[in-house]
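Reader: Could you take me through this fold step by step, beginning with its sheet and ending with its helices?

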Amino acid sequence: MAAKDSFTPGPWAYEVGSTRGHIKSVAPELLPSTPTICKLLDCARSVAHQREANSRLIAAAPELLEACKQAQICLADSGEYSVTEKMLDAAIAKAEGKVMP
């Protein structure tokens with residue numbers, strides 16, 4: 001199991017151009033280095049617009065995780081455990097490498 005928040009700090013960015021397909025961390029504390037998080041490879045079944053959409057989604061991951069955590073806090077104040085909260089719990093657990101019961 002991965003340690004909590006052991007991923008490379010965000011924000012992450014999809015870099016278009018000479019390193020097409022690279023998703024890099026652009027976290028201020030890591031600059032001037034911009035470590036590559038992952039690289040989406042071309043394959044016979046992949047089309048450019050899907051690869052770019054996948055890259056944008058992966059690049060948004062740190063911000064999406066933080067938004068889920070903030071929404072979880074807001075919903076917890078309602079006093080009811082909703083389907084939305086279950087979805088947030090599952091998404092956060094998946095991102096943090098935890099197993100949901």
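Author: What follows is a short set of questions and answers on this predicted model.

Reader: Which strands stand at the edges of the sheet?

Author: The open sheet is built from 3 strands in the order S1-S2-S3, and the pairing is antiparallel. Each edge strand has a single partner strand, so one side of it is left without a neighbour in the sheet. The edge strands are therefore S1 (12-15) and S3 (36-39).

Reader: What is the bridge partner of lysine 24 in S3?

Author: Strand S2, which covers residues 22-25, pairs with S3 in the antiparallel sense over 3 bridges. For lysine 24, the bridge partner in S3 is threonine 36.

Reader: Which residues make up the largest nonpolar core?

Author: Isoleucine 23, leaving aside its neighbours within four places in sequence, is in contact with residues including Trp12, Tyr14, Leu40 and Ala59. The largest nonpolar core has 5 residues, and these are Trp12, Tyr14, Ile23, Leu40 and Ala59.

Reader: At what angle to S1 does helix H1 run?

Author: Helix H1, made of residues 48-59, lies across S1, S2 and S3. Its direction relative to S1 is given by an angle of about 160 degrees.

Reader: How far apart are the axes of helix H2 and helix H3?

Author: Residues of H2, among them Leu65, Cys68 and Leu75, meet residues of H3, including Leu88 and Ile92. By class, this contact of H2 with H3 has 8 nonpolar, 2 polar and 3 charged residues. H2 passes H3 in a left-handed crossing. Helix H2 (residues 61-76) and helix H3 (residues 83-95) pack at an angle of about 145 degrees, and their axes are apart by 10 Å.

Methods:
Residues are numbered from 1 along each chain as its sequence is written. This is a predicted model: local features need pLDDT of at least 70, side-chain atom pairs count only at pLDDT 80 or more; totals for chains, interfaces and linings use all residues. Side-chain values use heavy atoms; hydrogens and water are left out. Axes are lines fitted to C-alpha atoms, for helices over the stretch in contact, and angles run from 0 to 180 degrees between N-to-C directions. Helices (H or I, at least four residues) and strands (E, at least two) are DSSP runs, numbered from the N terminus. A crossing is left-handed if the near helix is turned anticlockwise from the far one by less than a right angle, and right-handed if clockwise. Contact means heavy atoms within 4.5 Å. Ala, Val, Leu, Ile, Met, Phe, Trp, Tyr, Cys and Pro count as nonpolar, Asp, Glu, Lys and Arg as charged, and the others, Gly among them, as polar. A nonpolar core is a set of buried Ala, Val, Leu, Ile, Met, Phe, Trp, Tyr and Cys residues joined through side-chain atoms within 4.5 Å. Buried means under 20% relative accessible area, exposed over 50%, partly exposed in between (1.4 Å probe, protein chains only). Two strands pair if DSSP finds at least two bridges between them.
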